[in-house]
Structures are given as C-alpha cells and as structure tokens.
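Hi,

Here is the structure I promised to pass on. Please have a look at it before you read my notes underneath.

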Amino acid sequence: MKRIAFIGVGNRAGKYLSCLPADASASFLVDPDPVRLTQAARRYGLPPDACFPDAASFFARPREVDGVVITTPDRQHFAQAMAAVKAGYPVLLEKPAAVSQEEFDLLLAASERTGVPVSVCLVMRFHPFFRRIKELVDGGTVGRLVSIDHTESIGPDRMAHTFVRGLWSRKDVSCPIFLSKCSHDADFLLWIAGGKALEVSTEGRLTKFRAESAPAGSAPRCMDCPLACPYSAVSLYRDRHEWVAGFDVPEGKTLEEVIGEELETGRYGRCVYRCDNDVNDFQTVRVRLDSGIRLRMELEGVTLEEGRRMTLRGTEGSILVAGTSIFVNGREEDYSALRDLPLHAGADRLLVEDFIDSLRTGKPALAPLSSTREAHRICFLAG
C-alpha cells in the first residue's frame, strides 16, 4: 500500500483523492483552513494527528509516506515542492510548477541532484481527446508540422469566478493568467511540436472587466443589481449552484447560508466590473521554435464562448479542432461522448494512477518536471 500525503485539500485535491487506486491511500493531510482540514479528515477517515495546519509541520516529522501531492495556491508550489524533494518525497505537483524561471530551475536542479522525482499535473497529456490529436500528428497524418493556432476561451462562469472575483484575479497574489491558465495548453503544444523556443512575443491587456466598462444602472454587488447579466453571481451560485464546490461550509451552517453570505458581503458577490482584478482578460502569445514550427496561442475571457479551438497545419494536410470534434483533412471524428464524463473524461484518474505507478515501479511518470521546462519558460516570458 502506497501512503500519500496531500498538501492542500481544496477542490483539486478532492478530485485527486477520489482517484487513488486500491493500492494507495491518503495518510496525511495539510491545509491552513481548519474547517476544510477537519471535514477532509472526517471524509477520509484520518485521525487528528494525521492532519497539519502547514507544510513545515508535516515536513518536520520523520518520513512516513511514499509520495506527496501538492495542490496549494500557485505561489506556494515552489517552496513546498523543494521541501518535499529535500525530505526525499517523490512529488506530484499541481501546475504551474513555479511562478518564475529562477524558481523552476532551482526545483529542477534539486530534483536532478537528489534523484527525487517531481511530476506535474498536466492533465491534457492524459485526456483521450488530446491524446488522439498527438497520435494523429505523431502518425504523420498531416506530414511535417508547420504551424499551430490555438485559442482557449475561458467562458463567463470560470472567468468571473476564478480570474475576476476569485483567487487568481491578481498577479501579486497568484501569478499572470497565461501562466496559471495556459500552462496546460503551452505544455500540450510543446508535447506535440517538440523543440525549443527561439522567439516569444506577447500582447495582453485587461479590456473588459474594468470599472469604466460597468453598464449604466449596475450596482456594486449582484444582489442589488436590477440588470440581467451573464456574470450574475446570484445566477451562478444561488440559482444554478455552479462553482460552489470550493465554498467551505462550517459546522452548523448550510451551503445556502454560505452562498447568501458570499452574495451579501463576500468577494464572490461583487460586480465583475468593480473588483480589484488586474490579470489580463485577453492575450496573444506567438512562438517560433527551433524546428521552424510557429505557434500562436490566444487566451480570451471577454466573450461568452467556452472551450478550445485549434488548427494544426502540416505539409500534407491539416487538423481542425473545434468543440468536441477533430476534423482530419476534412473528415470529422466526434468525441461528444466525452463531454460529460467526470474527472476530465477520466484524465484525472489516469494522472494519479501514473504517479502511483511511478512510485510502485520506479519508472518515470508521463509528465516529469524536466519535460515541462520549455512550456513553463514560454509562459514566464509571456508574463
């Protein structure tokens, strides 16, 4: 039985905890939020002495687990992963692995020096839809790859909850949006194309979610606003119950009461045009690889669209990716059956199983830290 410690027990950790195979178990939990920590301990049957309010307290103990999963806020990843490597714990680290090139290189050097492996939670490498795209490219379906155009539309619910009202809304607290949101995408494109970046250029700005864009007659809080709005917190949380999994519900309260408090006084009840956000809502990044392949990546959070679109051009054809379809030289492959499958169509489970298998067998995981360096570097340069 492989014993695993989870540092950070929020929403993402909950997904990974549910994916542990039969020969692995959560043995220790770390989180500074006492409500979240207590509830997670109860859910997974762990005693109080297996729970810690901070990573330093956990790492001060003798080594008692086989691996560590780190799913804390972005700016904590580097320090906690370094502590785990120094203590000899193999790590599964949520992306991004670090928030600067210096941090990334220090972590990579420590991992290589000690031989303690670090793998990164890059779920697109495990998703059947995106693995199919790589299979097509690797199989020579379009000949030699020449260029990739890739657009990620974040969607109104995710944009409002995460990058305008939420914990990833400010660079000084989290990191630039392209690093936090598109490190998945940059990694996937480099996984397909290979090579190193010779040139990286970027243009990004905050275009929509600003005070001067607030509609006439709108109010500072959605509860008080008379307007119909696609970013309504009342609609999102109270009416549709979307994005509420991350709301902690203390003993003696109900989820509805917590939602009501957020709408009345919390950060998630604010008008999206009157928040303190400063991350871009639109950004374009262009990359020229040493292979000659050109990448164009676009992040946009200003329309009401959601999803990824991609065009891969080769010397003998093209692949168009739109919604849940892949068009290979005009022939459609429909993957709509994957749309509603939980855990990223099973990719989360495969990611966790890959990590546990690496602990069991000693073979490298599918997304070792070293393989993600170039994609991280592009994101750091994009700023």
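Below is what I found about the sheets and the helices that lie across them.

A word on the basis: this is a predicted model, where local features need pLDDT of at least 70, side-chain atom pairs count only at pLDDT 80 or more, and totals for chains, interfaces and linings use all residues. Residues are numbered from 1 along each chain as its sequence is written, and side-chain values use heavy atoms, leaving out hydrogens and water.

Helices (H or I, at least four residues) and strands (E, at least two) are DSSP runs, numbered from the N terminus. Two strands pair if DSSP finds at least two bridges between them.

One open sheet has 6 strands in the order E3-E2-E1-E4-E5-E6, with parallel pairing. Strands E3 (51-52) and E6 (118-121) are at the edges with a single partner strand each, so one side of each has no neighbour in the sheet. Within it, E4 (residues 67-70) and E5 (residues 91-94) are joined by 3 bridges; isoleucine 70 has leucine 93 in E5 as its bridge partner. Helix H12 (residues 347-361) lies across E1, E2, E4, E5 and E6 (contact means heavy atoms within 4.5 Å), at about 130 degrees to E1. Axes are lines fitted to C-alpha atoms, for helices over the stretch in contact, and angles run from 0 to 180 degrees between N-to-C directions.

The other open sheet has 8 strands, ordered E8-E9-E10-E7-E11-E12-E13-E14, and its pairing is mixed. Its edge strands are E8 (197-205) and E14 (331-334). E9 and E10 pair antiparallel over 7 bridges, and arginine 288 is partnered by arginine 294 in E10.

Best wishes
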